[in-house]
Amino acid sequence: MTIRLFLHSLFLVLFCFAGTAFAKSEDIDLSAFAQIPILHDGRIKPLDTFARNELIRFSGKSTFEGQSAVNWLAETIFDPVASVRQNIFKIENGNVRHLLGLEERKKPLYAFTELTTGLEKTFPTVEQLMGKDAKTLSGEQKALLTLHENALEYTQLLRSFSLLLPLNVSIPSEWQEKLDMTAGEPATYLSLKKIDTQLEQQILAIIKKKGENPTRYTPFEQQTAVLGWQIKTIEQAAQNNTLFRVIPNDWDKKSGEWIAPWDMISSGKGSPRSAEYLKLWQDLAMAWQLNKPQEWSSASLELSYLAPGTLSLELLYNQIGPFQSALIFFAVSFLFTLLALSLGRSGWLIKFSAISMLVAIVLQGGGLAARIILLDRPPVGTLYESILFVGLVAPLFAILFERKLKNHIGLLCAGLMGTGIGLLGLSMADEGDTMKVLTAVLNTRFWLTTHVLCITIGYGWCLVTSVLAHMILIGEATGKTDNETLKSMRHSLGTLALTALLFTATGTILGGVWADQSWGRFWGWDPKENGALLITLWLIWIIHGKVAGQISPLVQTAGLAFVSVIVGIAWIGVNLLGVGLHSYGFIEGLFWGLGAFALFELMLIGALSFRISQKEASHETA
Amino acid sequence: MKQLNLIVLALAIVAGFLLTIWLDDSGPPAQQAAQQSTQDNRAPLPVFDITALDGNTYKISDFKGKIVLLNFWASWCAPCVVEFPKLVELAASRDDLILIALSNDIDKDKIENFLAKQPDAIKEKLKSSNIIISRDEGKKITEDLFQTYKLPETILIDRKGRMAEKIVGDTDWTGEELKAKLSKL
């Protein structure tokens with residue numbers, strides 16, 4: 001169904017529910033509601049995760065005006081009339097705002113009711129855009145398309161329970177009798193469904209007798225015709241509404257399918273058990289609308305029993321936000337170590353930094369462990385996940401070297417990498433659900449555990465190598481590091497480079513074996529493959545150059561410092577190209593960030609190397 | 001340092017062992033497991049009574065030990081009308097099967113008129129004791145209890161009184177596929 005049809009029917013449907021907009025309760029406990037399971041994007045998740053992802057999709061934030069995402073979700077599904085007036089649609093593109101005729105605001109957030117006219121106006125443009133290749137679309141066109149997609153999803157959400165919410169429709173007394181309704185009792189689509197065949201027959205009889213001009217009908221006939229039209233409109237507006245899959249399919253338990261209420265009705269998947277679940281959802285809706293916290297808690301608790309055990313872990317994961325929390329502790333650790341080193345290694349500062357680092361690593365590791373349990377697969381299936389994983393292993397490796405160096409440089413490196421990688425991860429987490437089901441080619445525990453873990457561990461070692469090389473360059477250029485420490489750091493640098501080479505080379509070869517199994521060839525000069533090879537060749541070049549005496553220690557250190565850029569290109573850069581067989585990893589939007597990072601590194605390493613070579617030249621002259 | 005290396009090595013071996021167990025997806029043969037789980041997954045039938053057109057009342061639990069076809073239909077529903085004679089023929093041919101044809105018609109007269117229009121052979125078979133024609137007053141069983149809105153729908157109930165499958169739409173009640181299904185009930 002097109003969005004146009006959705007929009008046309010929206011106001012009628014909302015009008016039908018207009019009498020039901022009650023104030024939401026402050027006393028309603030949402031904890032059990034947040035745990036109710038839903039099948040979304042191929043996996044069972046708690047409503048809390050679903051609500052957060054949907055709200056992030058629309059507004060870019062996981063909370064709404066200080067309220068939790070589940071609170072917003074409850075209002076949206078149980079009180080759609082109030083929900084459409086909430087400013088949840090974030091439209092950052094100024095041209096799109098102009099196209100939709102929206103007023104400029106400090107925060108570009110708009111209510112659905114403000115968008116409908118503009119959405120309808122721009123629909124012909126969107127229809128044309130939908131036929132085009134996404135790569136050829138401008139930023140403005142993509143933003144417009146995304147807004148229409150979001151609006152469509154939102155209307156599905158609004159109508160998730162339109163079959164059981166009380167309707168504000170006028171029912172002639174004759175029909176009330178047939179429905180066995182008492183006066184004042186609210187009707188729902190499901191209750192009216194019992195008379196729809198009779199209603200249809202009656203309307204056909206009226207048309208046959210008096211034609212299609214309603215002015216010739218008696219008041220009862222008019223009311224009957226309007227009622228029939230309202231039922232049909234609600235039904236049509238909810239066609240293909242498969243978003244809110246909260247009811248397990250009793251007839252196909254093996255497939256693990258869950259169904260949305262409207263889909264259950266229209267596809268004949270209802271069962272005695274689904275009737276019980278739907279009754280509980282109706283109780284929830286009524287408890288929300290009539291502000292009855294006790295009834296709400298009882299119904300939401302019963303529905304939350306459907307949740308598998310792991311969902312409470314996901315709720316805890318959502319509440320803690322382990323990676324965001326870890327980022328704070330990594331940053332604290334980095335700042336305290338920097339302060340300690342600047343002030344001459346004050347004992348308590350280092351202790352505080354070490355404790356922060358420990359907490360950060362526990363949080364990062366705990367978050368990854370939770371993801372392994374929830375997704376039942378290794379923790380590195382997507383680019384975002386590889387960032388989380390490297391965000392754990394790189395600081396860990398640096399800590400290992402701290403045990404050897406014992407000069408707090410390892411701790412400083414760990415803090416710096418934890419913070420940098422954490423920020424990168426944070427920038428990618430605002431895209432919505434980070435626990436996506438993998439594409440078929442990636443859905444193998446064996447290769448995710450061997451190849452992907454190996455190559456990402458390799459990235460981690462490379463980053464530690466690069467950061468240590470930076471430290472050496474800074475130490476040499478500023479002259480603030482003594483020769484003994486520099487010697488020890490250089491020795492460690494060689495070991496780190498070899499370890500990085502071992503993991504990246506092994507990972508690259510394992511990737512070739514996987515590619516041979518999946519795509520029938522070991523090597524295809526795919527951008528991702530070339531990226532992995534680039535790191536390996538770069539490391540081989542530096543290590544061999546040093547062993548053969550062809551490059552100076554300075555070039556070796558500068559070359560290893562530059563590994564960060566090579567890793568950046570291989571890890572993230574090739575995904576920006578949007579070509580090759582690794583399509584599941586394609587991303588957009590990091591081009592300028594990566595470019596700025598590469599330029600910064602080039603300038604920093606170049607400047608430091610120039611300063612060191614000048615110092616060396618003056619030393620030789622002296 | 002040596003001690004640390006030994007600890008790391010021991011941890012790596014334990015991790016490798018656990019990983020091998022995790023990566024090993026082998027289990028009981030898939031088909032056998034699937035069949036077993038299908039049997040276990042059958043939901044129990046809710047308790048309800050049926051009043052036949054002749055006025056006799058039955059409890060659904062009365063039919064335990066027999067296969068039950070609970071057919072939701074209406075005389076105004078074209079696919080229901082098409083499959084009705086086939087269902088009757090199937091039921092008449094098997095002593096171990098009960099057909100409950102639960103009509104969604106508003107008026108009893110409409111059902112009786114529909115039955116009266118059936119060919120004589122079908123009318124004769126309708127006299128079988130294992131065929132029960134009933135009207136679902138107020139759609140209480142069809143919609144409230146079984147959440148059935150897409151007529152015709154038929155629920156296959158096994159001999160233990162559990163719901164095995166729901167067939168949505170009309171189907172070939174005399175075909176081999178269905179015979180195979182019934183044999184598993």
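Visitor: What makes the largest nonpolar core a core, and which residues have the most contacts inside it?

Guide: A core here is a set of buried nonpolar residues joined through C-beta atoms within 7 Å. In this predicted model, the largest such set has 115 residues. Those with the most contacts inside it are A:L47, A:V70, A:A285, B:L87, B:L99, B:I100 and B:I157. Helix α14 of chain A, residues 272-289, gives the largest share, 10 residues.

Visitor: Why is another core, of 80 residues, counted apart?

Guide: Residues belong to one core if they are joined through C-beta atoms within 7 Å, so a set that lies apart gets its own count. This one lies apart from the largest core and includes A:C413, A:L424, A:M489 and A:V574.

Visitor: What is B:I100 in contact with, leaving aside its neighbours within four places in sequence?

Guide: Its partners are B:I50, B:V68, B:L70, B:N71, B:I132 and B:S134. Each pair counts as a contact because the C-beta atoms lie within 7 Å.

Visitor: How many residues does each chain bring to the contact between A and B?

Guide: Chain B brings 25 residues and chain A brings 22. On chain B's side, α1 (2-23), α2 (30-40), α6 (140-145) and β8 (162-168) each give two or more. That side divides into 12 nonpolar, 6 polar and 7 charged residues.

Visitor: What share of chain A is called buried?

Guide: Of its 622 residues, 43% are buried; they earn the word because 20 or more other C-beta atoms lie within 10 Å of their own. Chain A has 26 helices and 6 strands, and its C-alpha atoms fill a box of roughly 115 × 50 × 50 Å along the principal axes.

Conventions: Residues are numbered from 1 along each chain as its sequence is written. Chains are lettered from A and ligands numbered from 1 in the order in which they are written. This is a predicted model: local features need pLDDT of at least 70, side-chain atom pairs count only at pLDDT 80 or more; totals for chains, interfaces and linings use all residues. Two residues are in contact if their C-beta atoms, placed from the backbone, lie within 7 Å. Helices (H or I, at least four residues) and strands (E, at least two) are DSSP runs, numbered from the N terminus. Ala, Val, Leu, Ile, Met, Phe, Trp, Tyr, Cys and Pro count as nonpolar, Asp, Glu, Lys and Arg as charged, and the others, Gly among them, as polar. A residue is buried if 20 or more other C-beta atoms lie within 10 Å of its own, exposed if 12 or fewer, and partly exposed in between; C-beta atoms are placed from the backbone.
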